[in-house]
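Visitor: I am new to this structure. Please give me a close look at one part, and tell me what surrounds that part.

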Amino acid sequence: MKDHIYLVSPQFIEEKVRKIFEMPGEIGFIARLGLLSGLREQELIYIKEKAVCSDGYGCDCEKLHVVDCKNGMTIVAIGWTRANKKALATILPSNEYLSRRGPKTL
Ligand SMILES: [Zn+2]
């Protein structure tokens with residue numbers, strides 16, 4: 001059957017998610033963020049590498065605008081556009097995003 005997903009065992013999704021969370025290194029980081037955020041690979045690389053604005057709210061500069069919600073989640077205003085694809089914002093677990101960013105962290 002085309003364009004359909006069907007489960008082959010009750011543990012199928014649980015096993016695949018566990019394998020993604022167990023992946024080490026940079027590829028594991030990108031795979032986990034993709035699963036949690038719904039962002040595409042290039043968008044994930046962008047939010048990992050792009051500088052974060054320190055001006056806070058109401059700013060329209062080219063940098064990322066990040067809000068640590070203090071409840072374990074972080075909102076990232078992205079503003080990424082390529083052709084007809086856009087990534088405006090995402091919400092991620094803070095420990096996955098804030099602790100694993102590159103040298104341009106907050
Ligand atoms: Zn800004």
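## The sheet and its turns

Guide: Of the 106 residues of the protein chain, 13% count as buried. Buried means that 20 or more other C-beta atoms lie within 10 Å of a residue's own; exposed means 12 or fewer, partly exposed is in between, and C-beta atoms are placed from the backbone. This is a predicted model: local features need pLDDT of at least 70, side-chain atom pairs count only at pLDDT 80 or more, and totals for chains, interfaces and linings use all residues. Residues are numbered from 1 along each chain as its sequence is written.

The confidence score comes next. pLDDT is the predictor's confidence in each residue, from 0 to 100. The protein chain averages 85, and 91% of the residues score at least 70. Among the elements, helix 1 (residues 12-22) has the highest mean, 92. Helix 4 (residues 94-97) has the lowest, 78.

Now the layout. The protein chain has four helices and three strands. Here helices (H or I, at least four residues) and strands (E, at least two) are DSSP runs, numbered from the N terminus. Their order from that end is α-α-α-β-β-β-α. The C-alpha atoms fill a box of roughly 50 × 30 × 25 Å along the principal axes.

My chosen part is the set of strands. Two strands pair if DSSP finds at least two bridges between them. Strand 1 (residues 65-68) and strand 2 (residues 73-82) run antiparallel, joined by four bridges. Val67 has Ile75 of strand 2 as its bridge partner. Strand 2 also pairs with strand 3 (residues 85-93), again in the antiparallel sense, over eight bridges. There, Thr74 stands opposite Leu92 of strand 3. Arg82 has Lys85 as its partner in strand 3.

Look at the turns. What is special about their backbone angles? Most residues other than glycine have a negative phi. Lys70 is not a glycine, yet its phi is positive, about 65°. Lys70 sits in the loop between strand 1 and strand 2, in a hairpin with four residues between the strands. Lys70 counts as exposed because it has 8 C-beta neighbours inside 10 Å.

Ala83 is found in the loop between strand 2 and strand 3. That hairpin has two residues between the strands. The phi of Ala83 is also positive, near 55°. With 5 C-beta neighbours inside 10 Å, Ala83 is therefore exposed.

What do the strands help to build? Strand residues also appear in the largest nonpolar core, where nine residues come together, among them Val66, Val76, Ala87 and Leu92. Such a core is a set of buried Ala, Val, Leu, Ile, Met, Phe, Trp, Tyr and Cys residues joined through C-beta atoms within 7 Å. Leu33 and Leu39 are members too.

Follow Ala87 outwards. Leaving aside residues up to four places away in sequence, Ala87 touches Leu39, Glu43, Ile78 and Trp80. A contact means that two C-beta atoms, placed from the backbone, lie within 7 Å.

Leu39 leads on to helix 2 (residues 25-37), where Gly34 lies. Gly34 touches Leu39, Glu41 and Leu44, under that sequence limit of more than four places. Gly34 counts as partly exposed because it has 15 C-beta neighbours inside 10 Å. The C-alpha atoms of Gly34 and Leu88 are separated by 15 Å, and these residues are 54 apart along the chain.
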